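Student: I would like to learn how to read a structure that I have not seen before. Could we go through it together, one feature after another?

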Amino acid sequence: MCTYTITVDETALRRLQPSFSRESFGRWLQHHVDTLVEDMVAEQHPDSPIARTEEEMRAIVEERLCLMESGKATYVDGETGFAQIRAQYGL
């Protein structure tokens, strides 16, 4: 977990929602930040390496090594590989 400090105009907040206390606003904000992060994670490309567990990545690497060792792997040059990655992940 990370802790961030934000600045909120309490006068404007009270005009908007008089019932918010410092604590209730903190809970409300935390809920919305958690929801935002969950939504962002859910929108990640399912093939993204960061969307996989360590065990899943180890299995993928092992499978690819077997393909290379058996001569069944196909190879692409680095520029082509990076171009595909940029296109796939919008980088």
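Student: In what order do the elements of the protein chain run from the N terminus on?

Tutor: Before answering, please keep in mind that this is a predicted model. From the N terminus on, the order is α-α-α-α, and the protein chain accordingly holds four helices and zero strands.

Student: How much of the protein chain counts as buried?

Tutor: Of its 91 residues, 8% count as buried. The accessible surface comes to about 8,400 Å², and 57% of that area belongs to carbon and sulfur atoms.

Student: How many salt bridges are there, and what is the idea behind them?

Tutor: The general idea is that side chains of opposite charge can pair when their charged atoms come close. In this structure the count comes to three salt bridges. One of them joins Glu-10 to Arg-14, with the closest N and O atoms 3.8 Å apart, and these two residues are separated by about one helical turn because they stand four residues apart in helix 1 (residues 10-16).

Student: Which other side chain meets Glu-10 in a salt bridge?

Tutor: That is Arg-22, at 3.6 Å from N to O. Here Glu-10 lies in helix 1 and Arg-22 in helix 2, so the pair ties together parts that are twelve residues apart in sequence. Glu-10, Arg-14 and Arg-22 are thus named together as a network of salt bridges. As for the surroundings, Glu-10 counts as partly exposed at 37% relative accessibility, whereas Arg-22, at 63%, counts as exposed.

Student: Where does the pair of Arg-58 and Glu-54 lie?

Tutor: Both residues belong to helix 3, where they are four residues apart and therefore separated by about one helical turn. Their side chains meet in a salt bridge of 2.8 Å, N to O, and Arg-58 is exposed, with a relative accessible area of 56%.

Student: Why does the span of helix 3 agree with what should be expected?

Tutor: The way to check a helix is to compare an expected span with the distance between its ends. At 1.5 Å a residue, the 17 residues of helix 3 should span 24 Å, and the end C-alpha atoms are 24 Å apart, so the two values agree. After helix 3 comes Gly-71, whose phi is positive, near 80°.

Student: How many aromatic pairs are there?

Tutor: The count comes to three aromatic pairs. Among them is the pair of Phe-25 and Trp-28, which is stacked, with 5.6 Å centre to centre and 25° between the planes. Both residues lie in helix 2 (residues 22-42), three residues apart, or about one turn of the helix. Ring pairs also link Phe-20, Phe-25 and Trp-28 into a cluster.

Student: Is Phe-25 buried or exposed?

Tutor: Phe-25 counts as buried, because its relative accessibility is 14% and the cut-off for that word is under 20%. Its partner Trp-28 is partly exposed, with a relative accessible area of 39%.

Student: Which residues form a nonpolar patch on the surface?

Tutor: The patch is formed by Val-61, Leu-65, Met-68 and Tyr-75, which together have about 400 Å² of accessible area. Tyr-75 is found in the loop between helix 3 (54-70) and helix 4 (78-89), and at 60% relative accessibility this residue counts as exposed.

Student: How many disulfides does the structure hold?

Tutor: The structure holds zero disulfides. As for cysteines, Cys-2 is exposed, with a relative accessible area of 62%, while Cys-66 counts as partly exposed at 44%.

Terms used:
Residues numbered from 1 in each chain as written. Predicted model: local features only at pLDDT ≥ 70, side-chain atom pairs only at ≥ 80, totals over all residues. Heavy atoms only, no water. Patch = residues over 30% accessible without salt bridge, like charges linked within 9 Å, V, L, I, M, F, W, Y side chains within 5 Å. Areas by Shrake-Rupley, 256 points an atom, 1.4 Å probe, with all protein chains shown as cover. Salt bridge = Lys/Arg side-chain N within 4 Å of Asp/Glu carboxyl O. Buried < 20%, exposed > 50% of the residue type's maximum accessible area, 1.4 Å probe, protein only. Disulfide = S-S within 2.5 Å. Expected span 1.5 Å × (residues − 1). Phe/Tyr/Trp six-rings, centres within 6.5 Å; stacked < 30°, edge-to-face > 60°.
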